[in-house]
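Subject: Handover of the model

Dear colleague,

I am passing on the structure below, and after it you will find my notes on what was found. Please read them with the model open beside you.

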Amino acid sequence: MYKPPIWVQAMLNVHNIEVAYDQVQVLFDISFEVKPGEIFCLLGRNGAGKTTALKSIMGLLPLKTGSIQFDTQTLSALPPYEVPKQGIAYVPQGRGLFSELTVAQNIEIGLMVKNSSAATRDRVLDMFPRLRERLKQRAETLSGGEQQMLAMARALSMEPKLLLLDEPTEGLQPSMTQLIKDVILNMKQEGVAVILVEHHIETVLSLADRVAFIENGRCPKITDVADLRGNPEQIHRYLGVS
Ligand SMILES: Nc1ncnc2c1ncn2[C@@H]1O[C@H](COP(=O)(O)OP(=O)(O)O)[C@@H](O)[C@H]1O
Ligand SMILES: [Mg+2]
């Protein structure tokens with residue numbers, strides 16, 4: 001398990017954020033920090049506020065209170081289009097691809113965010129050989145697993161320091177899920193931090209360093225994954241599943 005040395009500073013600090021859609025508040029006093037190379041999972045029932053938390057980090061929703069720091073930047077003071085340029089890539093639930101564009105064009109859009117080089121494109125395609133074979137294919141004609149790969153490839157084309165993944169394995173068959181897991185572990189080894197929203201407990205237990213439970217818009221507990229493995233009843237308590 002990855003244990004960041006104590007001198008490694010958190011790269012992302014979410015401080016006491018509160019977020020509402022119009023008048024309806026959905027996040028209450030959420031705080032956590034994420035360190036380089038850490039896989040930080042958000043676990044919670046449907047509607048708990050996980051996607052809202054990711055959107056808030058990306059600057060897509062205004063904060064009522066609180067702040068979000070990334071390295072030395074106050075992320076929450078930036079307009080949304082500046083956030084990816086700081087080195088944060090987001091793969092939304094449902095993938096957010098340009099469905100009528102080709103594989104190559106979708107990746108090109110990722111490369112443009114940071115003016116990444118052809119070397120980055122090659123490196124990303126090396127991770128996803130299936131995409132290299134399908135560069136001219138329109139995104140909407142890919143299988144679900146291939147679409148997820150493309151969404152991740154586009155995100156990685158931005159050379160992120162922090163990657164936000166919202167349910168990347170949803171609806172995928174086990175072999176595809178394994179591929180996605182391998183890519184996440186690969187990123188970790190390169191020092192990329194990952195915030196992962198994931199429903200499959202087995203996937204969480206095999207990937208995560210730490211887990212934050214999200215319940216009704218609050219974060220009642222953050223725990224090391226080792227602690228969770230030893231005390232699985234916690235999962236039952238927060239998710240109502242075993
Ligand atoms: N665009 C929206 N407008 C109003 N309410 C929303 C919107 N998106 C989500 N919500 C509400 O915010 C709460 C948290 O949703 P969400 O963050 O999507 O949960 P999760 O990702 O954990 O399933 C839910 O009650 C949901 O109905
Ligand atoms: Mg969600």
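In what follows, Ala, Val, Leu, Ile, Met, Phe, Trp, Tyr, Cys and Pro count as nonpolar, Asp, Glu, Lys and Arg as charged, and the others, Gly among them, as polar. This is a predicted model, in which local features need pLDDT of at least 70 and side-chain atom pairs count only at pLDDT 80 or more, while totals for chains, interfaces and linings use all residues. Residues are numbered from 1 along each chain as its sequence is written, and chains are lettered from A and ligands numbered from 1 in the order in which they are written.

By those classes, the shell around ligand 1 divides into 4 nonpolar, 6 polar and 1 charged residues. Among the residues that surround the ligand (C-beta atom, placed from the backbone, within 6 Å of it) are Tyr21, Asn46, Lys50 and Thr51. Two or more residues each come from β2 (24-34) and α1 (50-57), and α1 gives the most, with 3 residues; helices (H or I, at least four residues) and strands (E, at least two) are DSSP runs, numbered from the N terminus.

The domain assignment, whose bounds come from an automatic or database source, gives domain 1 (12-87 + 160-239) and domain 2 (98-159), with their C-alpha centres 23 Å apart. Contact (C-beta atoms, placed from the backbone, within 7 Å) joins 12 residues of domain 1 to 11 residues of domain 2. On the domain 1 side, the largest share, 4 residues, comes from helix α6 (residues 174-189).

An open sheet of 6 strands runs in the order β6-β7-β8-β3-β9-β10 with mixed pairing, where two strands pair if DSSP finds at least two bridges between them. Its edge strands are β6 (88-91) and β10 (218-224). β6 pairs with β7 (residues 162-166) in the parallel sense over 4 bridges, and Ala89 has Leu163 in β7 as its bridge partner. Helix α6 packs on this sheet, touching β3 (39-43), β7 and β8 (193-197), and its direction makes about 150° with that of β8; axes are lines fitted to C-alpha atoms, for helices over the stretch in contact, and angles run from 0 to 180 degrees between N-to-C directions.

Finally, helices α2 (residues 103-113) and α5 (residues 144-156) pack at about 30°, with their axes 7 Å apart. Ile107 and Gly110 are among the α2 residues that meet α5, where the partners include Leu150 and Ala153. That contact has 6 nonpolar, 2 polar and 1 charged residues.

With best regards

Methods
Two residues are in contact if their C-beta atoms, placed from the backbone, lie within 7 Å.
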